[in-house]
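Please report on this model. Start with individual loop residues, then turn to the ligand site.

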Amino acid sequence: MSNAAPKNIAVLVSGHGTNLQAIINAQEAGLINGKIVLVISNKVDAFALERAKKAGIQGMFINPKTQPTNEDYDKQLVQVLTSYKIDLIVLAGWLRILTNELLLPYHNRIINIHPSLLPSFGGAGMYGMNVHRAALEYGVKYTGATAHFVDDNVDGGAVIDQSVVKVDYDDTPETLHSKVIHEEHRLLTKVVRAYCDDKIVMNGRQVHIID
Ligand code: GRF
């Protein structure tokens, strides 16, 4: 581990939270120079909140219905994130598009994991099984996972790292999901670990992880 100051991490979730679990496992194994101090969900029944609870991490449901606009919701998120002194935000299955209220104060400090090799199969409507269905319908021979910084272009921020998965002739969206999610867990852990060790360097859209 590096001499970097330990980071406070917030993980934003909407669903099952297997990627959250991967980071929790890495943290418990002592691989992350930082701590998940907060898990925020926009869904009251997200299983990810159970995972946070089990790991002794503060979980929080922030109800989108209490805010008139997406900007107001993101302002509320920033208030909470600021109060927890968050250094890094990880979107791990967060099914909301972020506005500048959140993007600007956390520029290059928000990482998303996406279940395809971006820029293929990204953007509006490309989430969950839709992504794997689209990859199969197109007939690509390789798909995979992408970890990227988040900006105002949906799924279009600078790519940090990718992991390739071979598509087999008999794959279904479900089998592809199983193969890709496994790579997502590995990739996200690697990238969060590198971020917390100050090992990610950037030159415009070129991003590099220092060995
Ligand atoms: C993952 O496929 C991730 O790439 C996408 O949403 C899914 C979340 O899965 N952004 P989980 O909640 O981490 O299991």
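Asn153 sits in the loop that links strand 6 (142–149) to strand 7 (159–166). This is a predicted model. The relative accessibility of Asn153 is 46%, so Asn153 counts as partly exposed. Lys85 is 68 residues away from Asn153 along the chain, and their C-alpha atoms are 26 Å apart.

**Asn33**

Is Asn33 buried or exposed? Its relative accessibility is 8%, so Asn33 is buried; the cut-off for buried is under 20%. Asn33 belongs to the loop between helix 1 and strand 2 (34–41). A polar atom of the Asn33 side chain lies 2.9 Å from the backbone oxygen of Ala4.

**Backbone geometry**

The loop between strand 5 and helix 5 (129–138) holds Pro119. The peptide bond from Leu118 to Pro119 is cis. Its omega is near 15 degrees. Phe121 also lies in the loop between strand 5 and helix 5. Phe121 is not a glycine, yet its phi is positive, at about 55 degrees. With 16% relative accessibility, Phe121 counts as buried.

Asp198 is another residue to check for phi. Its value is near 55 degrees, which is positive in a residue other than glycine. Asp198 is placed in the loop between helix 6 and strand 8 (200–203). What is the exposure class of Asp198? Asp198 is partly exposed, because its relative accessible area is 47%.

**Strand 9**

Ile209 is part of strand 9 (residues 206–209). Ile209 has a relative accessible area of 18%, so Ile209 is buried. Lys190 is 19 residues from Ile209 in sequence. In space, the two C-alpha atoms are 9.6 Å apart.

The accessibility values are collected here.

| Residue | Relative accessibility | Class |
|---|---|---|
| Asn33 | 8% | buried |
| Phe121 | 16% | buried |
| Ile209 | 18% | buried |
| Asn153 | 46% | partly exposed |
| Asp198 | 47% | partly exposed |

**The ligand site**

Where is the ligand with respect to the pockets? The ligand takes up the space of the largest pocket. Around the ligand are His16, Gly17, Thr18, Asn19, Gly93, Ile113, His114, Pro115, Ile181 and Glu184. By class, this shell divides into 3 nonpolar, 6 polar and 1 charged residues. Which elements each supply at least two residues of the shell? They are helix 1 (18–28), strand 5 (110–114) and helix 6 (173–196).

Backbone atoms of the protein come up to polar atoms of the ligand. A backbone N or O atom of Asn19 is 2.8 Å from a ligand oxygen. A polar backbone atom of His16 lies 3.5 Å from an oxygen atom of the ligand. At Ile113, a polar backbone atom is 3.0 Å from a nitrogen atom of the ligand. How much of the accessible area of the ligand does the protein cover? On its own, the ligand has 360 Å² of accessible area, and the protein covers 85% of that.

Some elements recur across these sections. Helix 1 supplies at least two shell residues, and helix 1 also borders the loop of Asn33. Strand 5 supplies at least two shell residues as well, and strand 5 borders the loop of Pro119. Helix 6 is a further supplier of at least two, and helix 6 borders the loop of Asp198.

Technical notes:
Residues numbered from 1 in each chain as written. Predicted model: local features only at pLDDT ≥ 70, side-chain atom pairs only at ≥ 80, totals over all residues. Heavy atoms only, no water. Near = heavy atom within 4 Å. Polar contact = N/O pair within 3.5 Å; in protein donor to acceptor, adjacent residues only side chain to side chain. Areas by Shrake-Rupley, 256 points an atom, 1.4 Å probe, with all protein chains shown as cover. 1 Å grid on protein atoms, 1.4 Å probe; cavity = no way out; pocket = protein on both sides within 12 Å on 5 of 7 lines; lining within 4 Å. Sits in = over half its atoms within 2 Å of the grid points. Helix = DSSP H or I, 4+ residues; strand = E, 2+ residues; numbered from the N terminus. Nonpolar A, V, L, I, M, F, W, Y, C, P; charged D, E, K, R; others polar. Buried < 20%, exposed > 50% of the residue type's maximum accessible area, 1.4 Å probe, protein only.
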